Amino acid sequence: MDTYNSTLEQVVSSTGSSNTLLQKGLFSLSEYSKLQLLITFLVAVFTYDQIAYQLRKRNLAGPAFKWYPIIGPFLDSLDPKFEQYVEKWNSGKLSCVSIFHKFVIIASDRDLARKIFQAQKFVKPCVVDVAVKILRPTNWVFLDGKAHLDYRKSLNGLFTKTALEQYLPHIEEIVDKYMDKFVELSKENNYEPQVFFHEMREILCAISLRSFCGDYITEDQIRKIADDYYLVTAALELVNFPIILPYTKTWYGKKTADNAMKIFENCAQMAKDHVAKGGKSICVMDAWCKLMYDSKNKDDETSRLYHREFTNREVSEAVFTFLFASQDASSSLACWIFQILADRPDVLEKIRTEQLKVRDNKPDESVSINMIDKMEYTNMVIKETLRYRPPVIMVPYVVKKNFPVTETYTAPKGSMLIPSCYPALHDPEVYENPDEFIPERWVEGGKAMQNKKNWLVFGCGPHVCLGQTYVMITFATLIGKFALNTNWEHKVTPLSEKIKVFATIFPKDDLLLNFKKRDPLTGKIIE
Ligand code: HEM
């Protein structure tokens with residue numbers, strides 16, 4: 001462009017002053033061309049963006065046009081509002097939105113959601129874009145089809161009831177410790193209600209880390225991961241800037257994940273050494289190393305077929321996915337269940353009665369799987385909390401190849417397809433008065449129990465939640481022990497029942513509680 005301009009100058013100067021006008025004209029023409037080029041380019045890009053949106057949207061519910069060119073409702077997605085999701089679900093069985101180049105299709109209908117969850121030929125989980133960077137592309141959760149299925153066969157054995165029984169003493173130990181901690185915190189605050197959102201995240205993180213890594217992980221390491229884990233969640237917004245820039249949320253998230261995985265790698269080696277010496281399995285890592293050990297040293301079909309030697313790095317990445325999958329969802333469940341039980345003393349009373357009964361009136365009896373199986377009412381309360389406030393309201397998948405979701409709509413390859421869990425769990429045909437908390441709806445043979453297809457709390461299909469039995473067992477232990485040994489009060493605010501979306505869902509006022517010690521037999525408060 002510069003050469004072109006200087007040539008023009010030479011031509012103009014050689015033709016004298018009468019050419020001044022021409023000189024001006026030519027210069028402005030050149031400026032005009034630049035501007036014209038820019039405008040043409042922008043118009044082309046905006047037009048392409050709108051046409052691409054229309055072609056992919058077709059008959060779906062959603063904005064008629066992409067009102068904010070290119071970015072779409074990106075700014076809204078930075079601060080997602082639960083009410084906007086509800087609006088989207090109510091707008092149609094399939095609705096859409098386009099953010100930057102991403103075309104997102106949301107399925108609110110139960111059967112369509114199930115169809116997507118089960119369509120591994122057409123879709124694979126996509127979490128959010130940045131998750132691949134944080135969890136690392138080599139992570140097993142990003143495997144697909146047979147490779148995923150084979151890997152999962154190895155992992156399934158770590159979360160069966162038999163395996164979970166081995167981790168129970170660790171879970172109980174952490175619960176005991178945190179009961180004291182919550183009471184102490186409340187005492188320091190003169191039993192005035194205070195925010196417990198962070199404490200709920202911390203106790204769940206501590207329970208997970210002890211169950212996963214046993215005694216190989218130190219108290220300090222647990223505290224550090226629990227404190228920092230928040231940064232991982234904060235990094236996982238639905239849409240992020242495409243590259244990780246230093247000192248941004250995603251940068252801090254990745255740093256936290258890398259630190260945790262380094263710790264897990266060391267724990268994995270310790271577990272391998274422990275098992276090789278014939279040590280007992282007391283945590284997930286031990287159980288996994290035992291499976292690996294047996295695959296090398298035993299001759300039975302199952303040992304050889306499903307298990308192989310996994311590197312410490314692989315184990316650390318997988319254990320991080322367990323933490324990743326569990327942390328936000330379990331913290332969400334904890335917040336809601338503590339809030340609801342404080343607000344519903346009738347329900348809490350029934351739990352207490354049952355907890356004493358299953359322990360034969362010996363409150364110090366250790367928890368066992370057999371005991372948990374007898375906690376019918378407590379289990380119904382956990383299920384109802386999961387239905388009433390499902391931690392995971394939807395699960396993003398990505399379309400691998402054009403997917404005929406309905407007879408009239410084919411989801412294009414590359415789009416994000418999101419089956420929703422919430423609407424099926426609030427379906428009035430299956431759950432009468434769906435916005436009321438009614439644990440009794442979970443009695444054996446009742447409508448809720450019969451309509452298993454609506455139970456999308458843990459997804460369904462090849463990626464169904466690996467930790468679902470673990471969740472039920474952990475919460476029966478947690479709630480049972482807190483109900484017996486503590487009394488907690490909830491300060492109800494106008495925001496308590498409002499839903500904040502932070503990866504999962506939480507009470508908008510961050511949960512104001514106080515805890516006091518309680519005599520499990522007499523119910524007397526001990527100050
Ligand atoms: C209240 C707590 C939890 C809820 C509501 C929950 C829910 C879910 C949901 C909806 C999915 C997606 C399923 C699908 O795509 O079909 C999922 C996947 C998964 N969950 Fe959970 N989860 C919880 C706790 C846990 C815990 C404690 C663990 C680990 C111990 C865990 C491990 C996983 C894993 C590894 C996956 C991915 C499985 C795969 O891709 O094969 N989850 N969970």
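Which helix is L204 found in? Helix α9, residues 197-213, is the place to look, and the legends below start with the whole chain before coming back to that residue. Keep in mind throughout that this is a predicted model.

**View 1. The whole chain, with its 20 helices and 13 strands.**
Here's the big picture before we zoom in. The protein chain runs to 527 residues, and 41% of them count as buried. Take the contacts between residues at least 6 apart in sequence: 74% of these join residues at least 24 apart.

**View 2. L204, a buried residue of helix α9.**
Back to the opening residue. L204 has 28 other C-beta atoms within 10 Å, and because 20 or more is the mark for buried, that is how L204 is classed. Leaving aside residues up to four places away in sequence, L204 touches Q327, S330, S331 and A334. If you'd like a longer ruler across the model, try V395: its C-alpha atom is separated from that of L204 by 22 Å, and the two residues are 191 apart along the chain.

**View 3. The shell of 26 residues that surrounds the ligand.**
Let's move to the ligand. The closest residues are A325, S326, G459, C465 and G467. Helices α14 (312-343) and α20 (468-485) each supply at least two residues of the shell, and the largest share, 7 residues, comes from α14. What does the shell look like by class? There are 18 nonpolar, 7 polar and 1 charged residues around the ligand.

**View 4. C465, one of the closest residues to the ligand.**
Now for a single member of that shell. C465 is found in the loop between α19 (447-450) and α20. Is C465 buried, exposed or partly exposed? With 18 C-beta neighbours inside 10 Å it counts as partly exposed, because that number falls between the 12 or fewer of an exposed residue and the 20 or more of a buried one. Setting aside residues up to four places away in sequence, C465 touches F458 and G459; G459 is also listed among the closest residues to the ligand. The UniProt annotation "binding site", from an unreviewed entry, covers C465.

**View 5. Helices α10 and α11, packed at an angle of about 145°.**
This one is a helix pair. Helix α10 spans residues 219-235, helix α11 spans residues 249-276, and their axes are 8 Å apart. α10 passes α11 in a left-handed crossing. On the α10 side the contact is made by Q221, I225, D228, Y229, L231, V232, A234 and A235. On the α11 side, look for K249, T250, Y252, G253, T256, A257, A260 and I263. Sorted by class, the contact has 10 nonpolar, 4 polar and 2 charged residues.

**View 6. R136 and N433, non-glycine residues with positive phi.**
Last stop, two loops with backbone angles worth a look. Phi of R136 is near 80°, and this residue sits in the loop between α6 (129-135) and α7 (145-156). R136 counts as partly exposed, with 18 C-beta neighbours inside 10 Å. For N433, phi is about 45°, and the loop in question lies between α18 (422-425) and α19. Why does N433 count as exposed? N433 has 9 C-beta neighbours inside 10 Å, and a residue with 12 or fewer is classed as exposed.

Terms used: Residues are numbered from 1 along each chain as its sequence is written. This is a predicted model: local features need pLDDT of at least 70, side-chain atom pairs count only at pLDDT 80 or more; totals for chains, interfaces and linings use all residues. Axes are lines fitted to C-alpha atoms, for helices over the stretch in contact, and angles run from 0 to 180 degrees between N-to-C directions. Helices (H or I, at least four residues) and strands (E, at least two) are DSSP runs, numbered from the N terminus. A crossing is left-handed if the near helix is turned anticlockwise from the far one by less than a right angle, and right-handed if clockwise. Two residues are in contact if their C-beta atoms, placed from the backbone, lie within 7 Å. Ala, Val, Leu, Ile, Met, Phe, Trp, Tyr, Cys and Pro count as nonpolar, Asp, Glu, Lys and Arg as charged, and the others, Gly among them, as polar. A residue is near a molecule or strand if its C-beta atom, placed from the backbone, lies within 6 Å of it. UniProt positions are given in the numbering used here, feature names are shortened, and annotations may be inferred rather than shown by experiment.
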